[in-house]
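Me: Please take one part of this structure and look at it closely, starting from the packing around it and then following its connections outwards. I would like one connected account rather than a list.

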Amino acid sequence: MVDWGTFEFYPLNLGPNMTFKSKLRASEDATGSLLCLGLDPEPDLLPPSVERSPAGIARFVRTMVDAVGDAVSSYKLNLAFYERWGREASWLLDQALSTIPKDRPVILDAKRGDVGSTAQAYAHALFEAWDGDAVTVHPYLGYDSVAPFLAHKDKEVFIVCRTSNPGAAEFQHLRSDGEALYRHVARAGVRWDHNGNVGFVVGATAPAELRDVRQIAGDRLLLVPGIGAQGADLAAAVRAALRQDGLGAIVPISRGILFASAGDDYAQAGRVAAIQYRDAINALRPEPATARG
């Protein structure tokens with residue numbers, strides 16, 4: 001096994017036209033981490049010392065980003081926790097995005113999915129106005145609802161395939177032509193991947209389905225939520241999601257890091273939790289087929 005935590009960190013030299021994949025790989029190499037910090041500041045879970053206001057949350061997010069440092073290689077922002085603040089949402093989202101180091105890729109977890117003209121507007125907002133590196137989308141309306149996102153060739157589009165929530169199987173496991181719906185979604189995403197920028201969201205709470213989607217998806221990226229507060233088995237999920245080269249899985253964790261402590265030591269506790277998750281994931285990674293230079 002490779003000791004993935006022994007690599008020295010180094011500043012990234014990012015070119016002007018890096019794709020999400022190349023930016024992510026550079027960040028993973030620099031940090032030795034597959035961990036993604038979910039910046040989802042739920043007001044009800046904030047430590048008592050944090051002010052429940054956009055300004056207080058902005059300070060909390062900045063503190064946590066500074067605390068985790070190089071324990072994470074990417075960030076995922078669930079837009080719902082920013083949009084809930086109404087007119088102040090744009091300011092808060094801007095503050096959060098400006099806090100993240102420029103050499104770390106940002107996934108905007110928007111789960112958009114609508115008709116073509118609306119999807120085009122969403123794609124403009126997320127990729128151009130907010131300059132996200134990747135986005136999550138629902139495929140239910142078909143290819144034309146996803147195509148405007150895929151047209152941004154340097155961005156990554158994570159298609160929601162099999163979710164991590166308890167009710168996921170109600171529709172996602174319905175069978176058609178002998179296969180579960182989530183498998184049809186995965187196959188469709190592969191067909192739609194004309195620009196090499198399709199990935200899939202598959203919950204860590206469903207390791208058997210993760211293994212299914214990995215087989216269908218080939219070497220495409222998998223975004224694997226559900227570790228931590230949702231109680232997924234980290235070992236089973238990571239082993240099912242990883243490619244043979246020890247890469248290909250992005251593991252976002254929010255509550256398990258942001259709210260690791262309700263005391264004034266929340267930043268230090270979050271850092272300790274992030275390092276523990278990073279190291280636990282790395283312990284499950286196989287030795288790559290080719291040496292890392």
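## From a covering helix to an enclosed strand

Reply: In this predicted model, helix 5 (residues 116-129) lies across strand 3, strand 4 and strand 5 (156-162), and its direction makes an angle of about 160° with that of strand 3. Beneath that description is a pairing of strands: strand 3 (residues 106-112) and strand 4 (residues 134-137) run parallel and are joined by 3 bridges, with Ile 107 having Ala 134 in strand 4 as its bridge partner. These strands belong to a closed barrel of 8 strands, which runs 1-2-3-4-5-8-9-10 with parallel pairing. Strands of a sheet pair through backbone hydrogen bonds, in either a parallel or an antiparallel manner.

The part that I would examine in detail is strand 10, which is listed in that barrel between strand 9 and the return to strand 1. Strand 9 (residues 222-223) pairs with strand 10 in the parallel sense over 2 bridges, and here Leu 223 stands opposite Ile 250. Strand 1 (residues 35-38) also runs parallel to strand 10, to which 3 bridges join it, and Leu 37 has Ile 253 of strand 10 as its bridge partner.

How well is strand 10 covered? Because 5 of the 5 residues in strand 10 (residues 249-253) are buried, the strand is largely enclosed by the rest of the structure. The burial applies to both faces: Ala 249, Val 251 and Ile 253 are buried on one side, while Ile 250 and Pro 252 are buried on the other.

Ile 253 shows what this means for a single residue of strand 10. Its relative accessibility is 1%, and since buried means under 20%, Ile 253 counts as buried. Leaving aside neighbours within four places in sequence, the contacts of Ile 253 are with Leu 35, Cys 36, Leu 37, Gly 38, Ile 227 and Tyr 277; the contact with Leu 37 thus accompanies the bridge that pairs Leu 37 with Ile 253. Along the chain, Ile 253 and Leu 284 are 31 residues apart, and their C-alpha atoms are 17 Å apart in space.

Continuing past strand 10 leads to the aromatic residues, of which a search of the whole structure finds 5 pairs. One of these is formed by Phe 60 and Phe 259, whose rings are stacked, with 6.0 Å from centre to centre and 5° between the planes. The pair links distant parts of the chain, as Phe 60 belongs to helix 2 (residues 54-68) and Phe 259 to the loop between helix 11 (255-258) and helix 12 (266-282), with the two positions 199 residues apart in the numbering. Phe 60 and Phe 259 are both buried, and together with Tyr 266 they form one aromatic cluster.

A tilted aromatic pair is made by Tyr 143 and Trp 192, at 5.7 Å centre to centre and with 55° between the planes. As Tyr 143 is in helix 6 (residues 143-150) and Trp 192 in helix 8 (residues 181-192), the pair ties together parts that lie 49 residues apart in sequence. The two partners differ in exposure: Tyr 143 is partly exposed, with a relative accessible area of 36%, whereas Trp 192 counts as buried, at 13% relative accessibility.

Helix 8 also holds Arg 183, which is buried, with a relative accessible area of 16%. Residues up to four places away in sequence being set aside, Arg 183 touches Asp 212 and Ile 216.

The nonpolar interior completes the surroundings. The largest nonpolar core has 78 residues, and those with the most contacts inside it are Leu 39, Tyr 75, Leu 77, Phe 149, Phe 200 and Val 213. Helix 2 gives the most to this core, with 8 residues, and helix 2 is also where Phe 60 of the stacked pair is found. Val 213 touches Cys 161, Tyr 182, Ala 186, Phe 200, Val 202 and Leu 222, residues up to four places away in sequence not being counted. Apart from this core lies another, of 11 residues, including Phe 20, Leu 24, Phe 158 and Val 160.

Definitions and conventions. Residues numbered from 1 in each chain as written. Predicted model: local features only at pLDDT ≥ 70, side-chain atom pairs only at ≥ 80, totals over all residues. Heavy atoms only, no water. Buried < 20%, exposed > 50% of the residue type's maximum accessible area, 1.4 Å probe, protein only. Helix = DSSP H or I, 4+ residues; strand = E, 2+ residues; numbered from the N terminus. Pairing = 2+ DSSP bridges. Contact = heavy atoms within 4.5 Å. Axes fitted to C-alpha atoms, helices over the stretch in contact; angles between N-to-C directions. Phe/Tyr/Trp six-rings, centres within 6.5 Å; stacked < 30°, edge-to-face > 60°. Core = buried A, V, L, I, M, F, W, Y, C linked by side-chain atoms within 4.5 Å.
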